[in-house]
Amino acid sequence: MTDSGVSLDAVRRVADAVLYEGYILYPYRASSQKNHSRWQFGVVMAPGYAAVDPSETSVTQSEWVLEHSGQPAVQVIVRFLQVQRRSTVPLQGTGSWDEAVEREIEFTAGPEELLGPGLVREFSVPGGEDREPSPDAGIAVRRREPLAGLVSIRTIPVPGPWRAVRLQVRVENRTAAEPAPVVRDDALPTALVAAHVIATVSGGAFISMTDPPEWAKPAVADCQNTGVWPVLADPEGGRQVMLASPIILYDHPELAPESPGELYDVTEIDEILTLRTLALSDEEKAEARATDPRAAALIDRVESLDAETMERLHGTIRSLRPVASAAAESDPFGLDAFGTGSDPFAPRPADYDPSVPWWDPEADASVSPDTDSVLIAGQPVARGSLVRLRPGARRSDAQDMFLIGRTAEVQAVLLDVDDQPYLAVSLVDDPDQDLRIAHGRFLYFMPDEVEPCQAGGSE
C-alpha cells in the first residue's frame, strides 16, 4: 500500500511487463541473432556516451496535470534495470551475456515542495562482482558498474480558477565513465534501462493525458514528455496513480488474465510464442536454459502448461452484448424518433435468415469479384488487369514504401461495407505468387492507389 491507500500490486505487474519488454526475445538463446539487439526501450545513457551518439539521451522527463486540494503529496518511484554482464572464466561458448538487476528509487514530495521550490534527490547504485560455479565447468562472473543519477520534481501552475499544476518528474543519468564508451554495447552497463516512473497522489487527482476534461486541455498540450508517456494506472479506474512508461499505453492498462507469464516479446502473442517455444528441439531448450535464469524459467513454465491453460490462450470473450436491430441500420446515430436510442431487442425482419452469411456470392448475384470492373484513369480494370502500385499517403505501414512502382495483377474487384470498390492484387514478380494466390493471400489497394498498365505491363 502507498501513503494514498492505493495498492500498487496490479500497477507493478504492468510496469514489470514494461521493465522486461525485449529483455530476452524468442527463441530465448544467446546465439540467436535477434537477441544481439536488446535493451531498446527507455534506455537512459550516461552523459559521456549520449554526447557522442545523438540518437541516445541521458535524461527522461514526464509531465502531467495534477488537480489538488491545496495540500497534495506525491510518492514517486523510479524503476529501471541495471545491466549485469556475465562471462565465463575460462571464456567458453558464446562469450558474455547481459542480465539485469531491478532497481528502485523512491521518495515523497509534500505540499511544501510541490507548491514551492520543488525537490531534487541524488541517487547512486553500487557496482560489484559475483562469482559462482558454471554448469559448463567454468566460473560464471557477473560484473555491475556503479551508477549515479538525479531525480527532480517540480510544478508549474495552471492558469485559471482551478487548483491545478503541471507536475514534472525528471530523471538524469549522471554516471561518469572514463573513458567515455564509443560503442553502444560498451555503454549499456552504465545505462538506466527501461526507466519508468510510478507516481501516486494523496490530496489530489491526476488528469488523463489522452482524454482530459475541457478546462485541462491547454495545460495537457503544454506538457513536455521526453522518452516516456504518462497514463492513468489506478487498477480501480481512479486517478490516484500515474505510470510514465517508455512504451505508449492507454489509460488503466492491464495484463490479460489468461497470460501464464512473461514472454519478453514486443508482440506478446502468448499462444503463438508458447507453441513455437514448445517446438524447440531439446538442444535448443538446453541452450535457452543456459542463456539466462529467466529464459530457463520461461521454458519450464511453458512445458508445464496444461490443456485448460492452453485453451484459454486460444481466445476469450470478455463480455456479451445484444446485437443492434435492423431498425438501427436506418438510424445510424442510435436514436429513435424521441432521441432515446433504438431498441436493441427489436425483432428481426421477416426475411432474416441467420444461415445466410452477411455476404454470399450465391445469395447476391449483383456482386461478382471475378468479373466486376472499376474505371481507373478512363480504363476499365478487372481480374487479370495489370496495374502499377502507388500506395497513398494515408497508409501507415512502412513496408508499403517497398511496393511503390511495383507491377501487380488484379485478382478481384471487391466492395467494402460502404459499397466502395477496392482491388485484391498479387505482385507479378514474386516467386511464390502462385502459392499466395492459391491461399487467397493478396495485397489490397483502393482505386486511387494504382495506375493501369498498358498491354505487356509497360506504362
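The exercises below, each with a worked solution, look at the backbone and the surroundings of a few residues in this predicted model.

**Exercise 1.** Find which kind of peptide bond joins E178 and P179, and say where P179 lies.

Solution. Begin with the omega angle of the bond between E178 and P179, which is about -10°, and this peptide bond is cis. Next, place the residue along the chain: P179 belongs to the loop between β7 (164-173) and α4 (184-187). Finally, recall the general background, namely that most peptide bonds are trans.

**Exercise 2.** For A194 and then for H252, state the sign of phi, and decide whether each residue is buried or partly exposed.

Solution. Take A194 to start with: its phi is near 55°, a positive value in a residue other than glycine, and the residue sits in strand β8 (residues 193-206). Its relative accessibility is 2%, and because buried means under 20%, A194 counts as buried. Turn now to H252, which is not a glycine either and has a positive phi of about 55°; H252 is found in the loop between β10 (241-245) and α6 (270-278). With 27% relative accessibility, H252 counts as partly exposed. As background, most residues other than glycine have a negative phi.

**Exercise 3.** Describe where S58 lies and which residues it contacts, leaving aside its neighbours within four places in sequence.

Solution. First locate S58, which is in the loop between α2 (47-52) and β1 (59-89). Then consider its relative accessible area of 16%, by which S58 is buried. Last, with neighbours within four places in sequence left aside, S58 is in contact with V44, M45, A46, P47, A50, V171, E172 and N173.

Terms used
Residues numbered from 1 in each chain as written. Predicted model: local features only at pLDDT ≥ 70, side-chain atom pairs only at ≥ 80, totals over all residues. Heavy atoms only, no water. Helix = DSSP H or I, 4+ residues; strand = E, 2+ residues; numbered from the N terminus. Buried < 20%, exposed > 50% of the residue type's maximum accessible area, 1.4 Å probe, protein only. Contact = heavy atoms within 4.5 Å.
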